[in-house]
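Visitor: Could you take a close look at how the two parts of a single chain meet, and then follow that chain outward to what it touches?

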Amino acid sequence: MTTKIWQVSISCFILALALVFGLGVSGLPTDAGYAGISSRFVPILITVFLAVVGALLLWQSLTGGFRHFFDDTANVRADLRGVIWVSAGILLMALLISYIGFVLSAAVLFVCTARGFGSRALLRDLAIGVALVLPVYWLFGQVLAVSLPKLFNQWL
Amino acid sequence: MTETFGLLLSGFATALQPINLMWAFIGCALGTAIGVLPGIGPALTVAMLLPVTAKIDPASALIMFCGVYYGAMFGGSTTSILMNTPGESASIMTALEGNCMARNGRAGSALATAAIGSFVAGTLATILLTFVAPFVADFGLKFGPAEFFALMVLAFVTVSSVLGASMLRGMVSLALGLALGLVGQDKIEGVARYTAGVPELVDGIEFVLVAVGLFAVGEALYSVLYDSKTAPPTQNKLSSMQMTRDDWKRSWPAWLRGTAIGFPFGSMPAGGAEIPTFLSYSTERKLSQSKADFSSAGGKGAIEGVAGPEAANNACATGALVPLLTLGIPTSATAAILIGAFQNYNLQPGPLLFQTSGDLVWGLIASLYVGNVMLLVLNLPMAGIWAKLLNLPKAQLYAGILVFASIGVYGMRQSALDLLFMYMIGVIGVIMRRFDFPVAPVIIGMILGPMSEVHLRRALSISQGDWSAFLTQPIAATLLILSALVLFVPMFLRRRGIRLGEDD
Amino acid sequence: MSTRTTVTMRGALMAGLLLSLSTSVMALDNVKFMIGANPGGGFDQTGRGLGKAMVEAGTAKSVQYENKGGAGGTIGLAQFVNASKGDANSMIVTGAVMIGAIVQNKPPVTLANATPIARLFYEYNVFVVPAASPLKSMADVVAQLKKDPGSVKWGGGSRGSVDHIAVAMIAKESGVDPGKINYVPFQGGGEASAAILGSHVTVGTSGFSEMQQFIKSGKMRALAVTSGTRLPGESVPTLKEQSINVEIGNWRGVYGAPGITADQRKALTDAVVAATKQKSWTDSLAGNDWFAALLTGDDFAKFVDAEHKRIEDSMKAVGLVK
């Protein structure tokens, strides 16, 4: 996708957001009490603000692109495989934390992220990940008395 | 005055007992360790430690709690500088310049100015607390909703200092933050706004979640996408560990100004540490001789942008003890829990406390001096070691950052759903980075928006809908005039062809 | 295998011994408390105080707490109801605040989904004015309210809180439209007390223990308490004494998990009742100006229904609920 399509899409996203917030206003009460302004007042202001900046942004993106913008990534090849690894790490942690416990799921995140950045030493990364999380786990459990999900015994 | 000295000396006699020194040390160390985790702040830590009040005597417990409070502030700035992961809202400004410095090989200087600045500000603020607390507290009470709203206006007009290369894109970020801040229960009327019927959204979107998502996750994803094969963030391997003469020269005034901004803010009966850090940052940006160094101007990180906000943050934390000890009014979540600690000993902080338990209060005040020294001794030598972390291979460094960010977010309320939100916000953060939208205004908008609305509506409720109330009350009017000056004077001068500095 | 048998047998012996010693209550295993608020607040103090007393009373072997703050405790309630079905050792802390949140936000999961165990205590409100205020009694406040309702700015906790409902009830009793009160909500007692001390509001209200020190030191003048009779050891008159027929308090109690049997419910209730006799519990009541008001079984269930209706009516009167 070219930069221009991106820029137009971003501007349209902001305008769409303004639309969503504007439509949401109608569901809010109009009772203004003694203050003279109701729960709608600030949302309306912010909606207008969003709409104005969104419109200006759209105008810029259609007339030669964002101003004061130097595209420093134009000649860099995006590493999509790396992003997939890192994303998978976070999503796996979210998915697995209730099943394999806090320590292991955080270690999975560590391994996946390191892999995304090109590290191949799987076992070493796993060991570092566990070593990094254990003290935090201890801190939560012992000092903060927050019980975190575990796999089978109190250490995993 | 001499009486105060005598009382303070007896306070030191309490604070310097080996057992209390030990508790202060435990508190500082624990606080620093916990401050490193985003989302887990001093309030939660002190709350969880409350049960120790059953086992140790009041002076020791309160000394330890204050150590946690101070230490957590410190830990937050360390992660902001090294990992671009602000642990709490008050260290967002630190992340802006501090992390920029760290990437340019000056992590050591940034950490040092944060540590020394916190010490200087903490100590000066404690001196103020010792001698002028009652007067400051009474003045703070003059601030009602109208005055607070005027303060918010001042914060808004200084926000331009963080907008970055393009005013418009900065405004888009700010608008996005303001819109996010709308989600949740309206604090005046109590109606749920933009929650789409999701109960988790009734209390609003947790801004630590957004901060961690935009800063840490966005950063990691952006980095893997565009420069995973390049060198680690420290481009300059010879990272300087110490502050240069120039660093000192630029830090000193910033520390003092930060203290002057932070302490009064902390002493006000509503507030939080965010606004003084914003104001301090803007002040430094406006006054700096080397504006081109600031990250938003594409520079290599300006040391005064770390020194000022860090000092403001710590002075504010100490300032919060003024209304707590003299009036019994908590101005922060941590202060509210400290009141709980006092109550566990059947002590009620407030006007009577100095009379009923003078030894305890003076012991506590003396321990603040001790705690400040202790944190400096703990953290200054650590700065060099921390800075070396940045020499780790990029893979493990970013993996570590993400692990810390995730466990902090998860630990906040043990919700796996929050991790998904964090990831989605991180993706937005990548797009914002890619197209050069600054991320700090999002957080500022999220914090300032709801606060301004609450104060505005309270003030108008009190004046029964009369907007002139903001101009007839002297403090509010002064603040609004000041805001107008900040906004219009540079415009006017520019039109006349006079420039106050670089074009921004 | 043999070791396990021994342990079980020893456990049985111990249980038998305990049974013979204390005929009333058997110790529950690990008791879990769900606290629908962040650490440090009133819900948290209640849960942790009760848990500690249960261990001391020997009615629980150990206790665990889970804080899940948000939306007046209803987020914690939803999780509690979903996760602890049939768990005879789980409890959730509840109170007037949670009822208010249920009425206001209409969450899918309400207290009707859980099992009532006991009401524990009441906390009463006090109405105060800054020391320099010309208002000397509630009669003065009501007179001004009747003349110009907007000029009396009431400062207190969030809308729909006990503070707000108390003000609405006072207005109604004095013949003023509760929809016409000028109520300014603050977050937390600290903000409200600062606004009162700084004379930014006309009259303020909050829990008695929060205001007590300001009254004692003479920085605020107490006009009335919301209890039925004067609080022990205090000279502040009640609203009723000043011919305003309002009595309202912020109560707290505990509920058990859904789907537990009648026997399990009784065991849990007995364990809680035994804990309320402990010194640590009565001490924490006294320290917080909480007034013991134990109510169990179906009486408690009826009480909660009545509270629900009362709070709903008041919220309708002030226009919070349609």
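Guide: Between domain 1 of chain C and domain 2 of chain C there is 1 salt bridge (a side-chain nitrogen of Lys or Arg within 4 Å of a carboxyl oxygen of Asp or Glu). This is a predicted model, in which local features need pLDDT of at least 70 and side-chain atom pairs count only at pLDDT 80 or more, while totals for chains, interfaces and linings use all residues. Residues are numbered from 1 along each chain as its sequence is written, chains are lettered from A and ligands numbered from 1 in the order in which they are written, and side-chain values use heavy atoms, with hydrogens and water left out.

The side chains of C:Arg252 and C:Glu123 meet in a salt bridge, with 3.1 Å from N to O. The domain assignment of chain C gives domain 1 as 30–105 + 115–122 + 249–317 and domain 2 as 123–242, bounds of this kind coming from an automatic or database domain assignment. The centres of the two domains of chain C, taken over C-alpha atoms, are separated by 27 Å. To their contact (heavy atoms within 4.5 Å), domain 1 of chain C gives 16 residues and domain 2 of chain C gives 14 residues. Together these two domains of chain C bury about 1300 Å², with 63% of it on carbon and sulfur atoms; buried area here is the accessible area (1.4 Å probe) that two parts lose on being put together, summed over both.

Between domain 1 and domain 2 of chain C there are also 2 residue pairs in polar contact, both residues at pLDDT 80 or more (a pair of N or O atoms within 3.5 Å; within protein, one must be able to donate a hydrogen and the other to accept it, and residues adjacent in sequence count only if both atoms are side-chain atoms). On the domain 1 side of this contact in chain C, two or more residues each come from helix H4 (96–105), strand E4 (115–130), strand E9 (249–256), strand E10 (290–296) and helix H11 (297–317), where helices (H or I, at least four residues) and strands (E, at least two) are DSSP runs numbered from the N terminus. H11(C) supplies the largest share of that side, 5 residues. By class, the same side of domain 1 of chain C holds 8 nonpolar, 5 polar and 3 charged residues; Ala, Val, Leu, Ile, Met, Phe, Trp, Tyr, Cys and Pro count as nonpolar, Asp, Glu, Lys and Arg as charged, and the others, Gly among them, as polar.

Moving outward, chain C puts 37 residues in contact with 39 residues of chain B. The area buried between chain C and chain B is about 2900 Å², and carbon and sulfur atoms give 56% of it. Between chain C and chain B the count of salt bridges is 0, whereas the rule finds 6 residue pairs in polar contact across this interface, both residues at pLDDT 80 or more. The elements of chain C that give two or more residues to the side touching chain B are helix H2 (42–57), H4, strand E6 (182–185), helix H7 (188–197) and helix H8 (208–216). On that side H7(C) has the largest share, 5 residues, and the classes there are 12 nonpolar, 18 polar and 7 charged residues. H4 of chain C thus appears in both lists, giving two or more residues to the side of domain 1 that touches domain 2 and two or more to the side of chain C that touches chain B.
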